[in-house]
Amino acid sequence: MAEADAIVVIGLGRFGSALAMELMASGSEVLGIDGNEEIVQAHNGLLTHVVRADSTKEDTLRQLSVPDFSSAVVSIGSDIQANILTASLLLKLGIPNIWAKAVSDPHGEILRQIGVRHVIYPEKDMGKRVAHLVRGVMQDYIEIDENFALVKTNPPLEIIGVPLGKSSVRTIHGVTVTAYNRPGQGWSYTTLDTQLEADDVILIAGDVRKVESFSRLR
């Protein structure tokens, strides 16, 4: 099973389960590991393979051929010690691409100190995302980095019917309109000649504060 598109997900709680199911839907093969028999049974037939096992035991991980995987996700959230020990074992086994869930900043710092390159904060990140959506009139918000975001919103009146090249959006507002979705036509990349309509949905990129401010224009 351990091919390039095969991923092991350790910990099948709400986050791990949703992640594993999404990976399956995208065509990846998934080995799910959890210590709870009921959770394992609930995922039986939904994932490529699912087993009940203690991920803090190196011999167990070797028996499950985990070292043959190129990617692994540690999504254990209820037991920080097990989370850190599992991540440490995956590093020891030489898995090149490890993602680990952290439940707090100190937890995430420990994961980074032991060598985990990809630390994720599902609850914290979702809270930040919803906060931005609540403050503005955005339809969706994705923070790419600390000071850069992509926002899905509607075009303000001042740029409707005006070729983007003449609208000076970037000069005046400091954002870039990268794509637009016209009802019945789907998404298209913008050009300097693109003229937006009131019913369009646009994707803008730029500094977090500037994309928020731009999304409030009407």
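Begin by selecting Gly 27, which comes just after helix H1 and takes a positive phi of about 100°; keep in mind, as you look, that this is a predicted model.

From there, step back to helix H1 itself, residues 14-25, and place a distance between the C-alpha atoms at its two ends. At 1.5 Å a residue, the 12 residues of H1 should span 16 Å, and because the end C-alpha atoms are indeed 16 Å apart, the expected and the modelled lengths agree.

Now colour Gly 16, Ser 17, Ala 20 and Leu 23, which are the buried residues of H1. If you turn the view to look down the axis of the helix, these buried residues fall within an arc of 130°, so they line one face of H1. The spacing has a simple background: an α-helix has 3.6 residues a turn, so residues three or four places apart point the same way. On the other side of H1, select Arg 14, Glu 22 and Ala 25, which are exposed.

What covers the buried face? Show strand E1 (6-10), strand E2 (29-34) and helix H2 (37-43), which are included in what covers the buried residues of H1.

While helix H2 is displayed, pick out Gln 41, which is found in that helix. With a relative accessibility of 47%, Gln 41 counts as partly exposed, because that class lies between the 20% limit for buried and the 50% limit for exposed. Then add Val 51, which is 10 residues away from Gln 41 in sequence and 8.7 Å away in space, from C-alpha to C-alpha.

Next, select the strands, which form an open sheet of 6 in the order E3-E2-E1-E4-E5-E6, with parallel pairing. Strand E3 (49-52) and strand E6 (118-120) stand at the edges and have a single partner strand each, so one side of each is left without a neighbour in the sheet. As you follow the sheet across, the twist averages 15° from one strand to the next.

Within this sheet, look at E1 and strand E4 (residues 71-74), which pair in the parallel sense over 4 bridges, and find Val 9 standing opposite Val 73 in E4. Bring H1 back into view: H1 packs on the sheet, touching E1, E2, E4, strand E5 (97-101) and E6, and its direction makes about 165° with that of E1. Helix H4 (residues 80-92), to be selected after that, lies across E1, E4 and E5 and runs at about 170° to E4.

Finally, zoom out to the whole chain, which is divided into domain 1 (6-120) and domain 2 (132-216), with the C-alpha centres of domain 1 and domain 2 lying 37 Å apart.

Note on methods: Residues are numbered from 1 along each chain as its sequence is written. This is a predicted model: local features need pLDDT of at least 70, side-chain atom pairs count only at pLDDT 80 or more; totals for chains, interfaces and linings use all residues. Side-chain values use heavy atoms; hydrogens and water are left out. Domain bounds come from an automatic or database domain assignment. The expected span of a helix is 1.5 Å times one less than its number of residues. Buried means under 20% relative accessible area, exposed over 50%, partly exposed in between (1.4 Å probe, protein chains only). The arc is that of the directions from the helix axis to the C-beta atoms. Contact means heavy atoms within 4.5 Å. Two strands pair if DSSP finds at least two bridges between them. Axes are lines fitted to C-alpha atoms, for helices over the stretch in contact, and angles run from 0 to 180 degrees between N-to-C directions.
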